[in-house]
Amino acid sequence: MNKLYDFLKCMIYASFYVIVLKTSMDFYEYKRFPKLYEQNSAPWYTEALLYSAASLFVIVVYAVLRGIVRRKIKKG
């Protein structure tokens, strides 16, 4: 159970790192090639927001699972 608890903790941290990395890469691409985004009807950060929302869902699921595992560790 402790290994599962540690794994879930690492996955939550990794998800946060991936969100930051992906958003910074999108921002860098926008600053480097602004002409590519002029023709789009949506702002440049729309993809980053969608990706962050999906990742946030995964983080919430991992956090709930981590809470369940923590309760089982304390009981047993």
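The side chains of glutamate 47 and lysine 22 meet in a salt bridge, with N and O 3.2 Å apart; the term stands for a side-chain nitrogen of Lys or Arg within 4 Å of a carboxyl oxygen of Asp or Glu. This pair ties together distant parts of the chain, since glutamate 47 belongs to helix α3 and lysine 22 to helix α1, 25 residues apart. Helices here are DSSP runs (H or I, at least four residues), strands are E runs of at least two, and both are numbered from the N terminus. Glutamate 47 is partly exposed, its relative accessible area being 49%. On that scale, buried means under 20% relative accessible area, exposed means over 50%, and partly exposed is what falls in between (1.4 Å probe, protein chains only).

All of this comes from a predicted model, in which local features need pLDDT of at least 70, side-chain atom pairs count only at pLDDT 80 or more, and totals for chains, interfaces and linings use all residues. Residues are numbered from 1 along each chain as its sequence is written, and side-chain values use heavy atoms, with hydrogens and water left out.

Lysine 22 has another partner: its side chain also meets that of aspartate 26 in a salt bridge, again listed at 3.2 Å from N to O. Aspartate 26 and lysine 22 sit 4 residues apart in helix α1, so about one helical turn separates them. With a relative accessible area of 7%, aspartate 26 is buried. In general, side chains of opposite charge can pair when their charged atoms come close.

The structure holds 3 salt bridges. One of them joins lysine 35 to glutamate 38, where the closest N and O atoms are 3.9 Å apart. Both residues lie in helix α2 (residues 35-38), 3 residues apart, or about one turn of the helix. Lysine 35 is exposed, and glutamate 38 is too. Shared partners, meanwhile, link Lys22, Asp26 and Glu47 into one salt-bridge network.

As for the overall layout, the protein chain has 3 helices and 0 strands, and its elements run α-α-α from the N terminus on. The radius of gyration is 17 Å, well over the 11 Å that the globule rule gives for 76 residues, so the chain is more spread out than a compact globule. That radius is taken over C-alpha atoms, and the rule is 2.2 Å times the number of residues to the power 0.38. Along the principal axes, the C-alpha trace spans about 60 × 20 × 10 Å. Of the 76 residues, 18% count as buried. Among contacts with a separation of 6 or more, 81% come from residues 24 or more positions apart; a contact means heavy atoms within 4.5 Å.

Helix α1 has 31 residues, which at 1.5 Å a residue should span 45 Å, and its end C-alpha atoms are indeed 45 Å apart. The expected span of a helix is 1.5 Å times one less than its number of residues. The same check works for α3: its 30 residues should span 44 Å, and the end C-alpha atoms are 44 Å apart.

The buried residues of α1 are Tyr5, Leu8, Ile12, Ser15, Ile19, Lys22 and Asp26, and their cover includes α3. Going the other way, α3 buries Ala48, Ser55, Ile59, Tyr62, Arg66 and Val69, and what covers these includes α1 (2-32). Serine 15, in helix α1, is buried at a relative accessible area of 12%. Leaving out residues up to four places away in sequence, serine 15 touches Val58 and Ile59.

Valine 60 lies in helix α3 (residues 46-75) and counts as partly exposed, at 45% relative accessibility. Its C-alpha atom is separated by 8.6 Å from that of isoleucine 12, 48 residues apart along the chain. Valine 60 also helps make a nonpolar surface patch of about 680 Å², together with Leu56, Phe57, Val58, Val61, Val64, Leu65 and Ile68. Patches are made of residues with over 30% relative accessible area and no salt bridge, like charges being joined within 9 Å and nonpolar side chains (Val, Leu, Ile, Met, Phe, Trp, Tyr) within 5 Å. In total the protein chain exposes about 6200 Å², with carbon and sulfur atoms supplying 66% of it. Accessible areas come from the Shrake-Rupley method with a 1.4 Å probe, and for residues only the protein chains shown count as cover.
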